[in-house]
Amino acid sequence: MGAGTPASDPGVRMPRKLPPYCSEDVDRYGNVRVYLRRPGRRKVRIPGVPWSTEFMDAYRLALEASGSTAADQRGRQPAKDTWRWLCVRYFEQCADFRDLDPATRRARRRTLEDTFSEPVRPGSADTFADFPVKRLTAKALAVLRDRKRATPAAANARVKAIRAVFRFAIADEIVETNPAESVAYLNTGSLGHHTWTVEEVRQYEAHHPVGTMARLALALLLYTGVRRSDVVQLGRQHVSGGWLRFTPKKGSRRAPKTIEIPVLDELARVIEATPATGRLAFLATRPGSKSSKPYTSQGFANRFRAWCDEAGLPQHCTPHGLRKAGATLAAENGASELQLMAIFGWSDPKMAAHYTRQARRKKMAAEAMGLIDLGRSEYKDVPLGRSSGTKSQKRQ
């Protein structure tokens, strides 16, 4: 039932129980509306049929906007051996979870808490929060994945988070197997962030000349291959003897590592030609001012988007796309997997292998295209589209 559904319609029945903080109102036309009501906050209307995907998505957004997580059940103690009980135990006791970067940890917690309010069946008042852990089979977990099928990346994030919880549960001797390992990731149908083309880089450079903060940002991203979370912390204190040395923020709590890469001549030229930069960071919000401070990761992303807009570049041009462009150029110019891992800080060769494989494929295609030449064919008398001979001819 959604907006405009008469309360008197005998063919429509509301579920017996609504999610936490939800209640029904009947307007003056007899239409039943569902609202989120939290003490001290304005009521928010939740559209859609209660427990439907549309309804639950709107419900979660309303909860987050009011300063709550998915079901905001922190006030009550979870029943032992239930899904919520296991997740709370994971949040409080799992060393791997605590070692995640704060932003990653918050996202992981939101993803898992989001599953608490999911009904075990469409229209059911029973949610996964109170579902027994021992009954969480791969089939049951696939239901949680498929509730996010419309957004495959979010569905896969659920699977990844649930797998981590069960790995902790195995180590803590709560369960013996990880049923989430049998739940496959969905095909996102996406190649990820767009890789900048040379033409797009040139277009950006044409609009933002050397000496501007915008040009410095591009040079730092392209010629170091760092993530946006790292580019905002880089400063002159990280440069010594023509080398850039820093510890990437990602994974620094669990397994910190030092990246050492030479400062390319072009990057050095841009840095020296940019007169006003921050004291401890190359990229500053108000360069040259006493109130200047380094960008946050999200703040830089917003500012870089504005610089791209000024250059007339499409929305798919992002900071991470420049990292991919650097990896692509390095691989195409002959960088090995180990060299790519050293530059970009990858501990797993899988990502490096992806770029070298793509580079080899491109090189082989360039070399092989010249072989599509009718003048060089050994079968000049065979018409196109016909076989090279009959069975009897082959036997002869």
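Rings of Phe, Tyr and Trp (for Trp, the six-membered ring) pair up if their centres lie within 6.5 Å; planes under 30 degrees apart count as stacked, over 60 as edge-to-face, and the rest as tilted. With that rule, a search of this whole predicted model turns up 13 aromatic pairs.

**View 1. Tyr90 and Phe91, a tilted pair.** The ring centres of Tyr90 and Phe91 are 6.0 Å apart and their planes meet at 55 degrees, so the pair counts as tilted. Both residues are tucked away from the surface: Tyr90 is buried at 2% relative accessibility, and Phe91 is buried at 7%. Phe91 has another partner in this view, since the charged end of Arg109 sits over the Phe91 ring, 4.2 Å from its centre.

**View 2. Phe304 and Trp307, edge to face in α11.** Here the rings of Phe304 and Trp307 are 6.4 Å apart, centre to centre, with 85 degrees between the planes, which makes the pair edge-to-face. The two sit 3 residues apart in helix α11, so about one helical turn separates them. Phe304 is buried, with 0% relative accessibility, and Trp307 is buried too, at 5%. Zoom out a little and Phe304 and Trp307 turn out to belong to one aromatic cluster, along with Trp196, Tyr204, Tyr295 and Phe300.

**View 3. The largest nonpolar core.** Nonpolar side chains tend to be buried together in soluble globular proteins. The largest nonpolar core in this model has 36 residues, and the members that touch the most other members are Trp196, Tyr204, Leu283, Phe300, Phe304 and Trp307. Which elements give two or more residues to this core? They are α7 (198-207), α8 (213-224), β5 (243-246), β6 (259-262), α10 (265-273), α11 (297-310) and α12 (319-332). Helix α8 supplies the largest share, 9 residues. Apart from this core lies another one, of 33 residues, with Leu136, Val159, Val165 and Val183 among them.

**View 4. What Phe300 touches.** Leave out residues up to four places away in sequence, and Phe300 touches Ala217, Leu221, Arg228, Val231, Val232, Leu283, Tyr295, Trp307 and Pro319. Among those contacts, Tyr295 and Trp307 also share the aromatic cluster with Phe300.

**View 5. Arg37 and Asp25, a salt bridge between a loop and a strand.** Side chains of opposite charge can pair when their charged atoms come close. By the rule used here, the count for the model comes to 20 salt bridges. In the one between Arg37 and Asp25, the closest N and O atoms are 2.4 Å apart. Arg37 is in the loop between β2 (32-36) and β3 (44-45), while Asp25 is in strand β1 (residues 22-26), 12 residues apart. Both ends are partly exposed: Arg37 at 34% relative accessibility, Asp25 at 24%.

**View 6. Arg89 and Asp172, a long-distance link.** The closest N and O atoms of this salt bridge are 2.8 Å apart. Arg89 lies in helix α2 (residues 83-93) and Asp172 in the loop between α6 (152-171) and α7, so the pair ties together parts that are 83 residues apart in sequence. Arg89 is partly exposed, at 26% relative accessible area, and so is Asp172, at 28%.

**View 7. Glu266 and Arg269, a salt bridge within α10.** The side chains of Glu266 and Arg269 meet in a salt bridge of 2.9 Å, N to O. They are 3 residues apart in helix α10, so about one helical turn separates them. Glu266 is partly exposed at 25%, and Arg269 is partly exposed at 44%. Elsewhere, salt bridges that share partners join Asp114, Glu118, Arg147, Lys148 and Arg158 into one network.

**View 8. The three-stranded sheet.** This open sheet of 3 strands runs in the order β1-β2-β3, with antiparallel pairing. Strands β1 and β3 stand at the edges with a single partner strand each, so one side of each has no neighbour in the sheet. The β2 and β3 strands pair over 2 bridges, and Tyr35 stands opposite Arg45 in β3.

**View 9. Two residues with positive phi.** Most residues other than glycine have a negative phi. Tyr21, in the segment before β1, has a positive one near 75 degrees. Asp81, in the loop between α1 (53-65) and α2, has a positive phi near 65 degrees. Both are partly exposed, Tyr21 at 31% relative accessibility and Asp81 at 37%.

Terms used: Residues numbered from 1 in each chain as written. Predicted model: local features only at pLDDT ≥ 70, side-chain atom pairs only at ≥ 80, totals over all residues. Heavy atoms only, no water. Core = buried A, V, L, I, M, F, W, Y, C linked by side-chain atoms within 4.5 Å. Buried < 20%, exposed > 50% of the residue type's maximum accessible area, 1.4 Å probe, protein only. Helix = DSSP H or I, 4+ residues; strand = E, 2+ residues; numbered from the N terminus. Contact = heavy atoms within 4.5 Å. Salt bridge = Lys/Arg side-chain N within 4 Å of Asp/Glu carboxyl O. Pairing = 2+ DSSP bridges. Lys NZ or Arg CZ within 6 Å of the ring centre and 35° of its normal.
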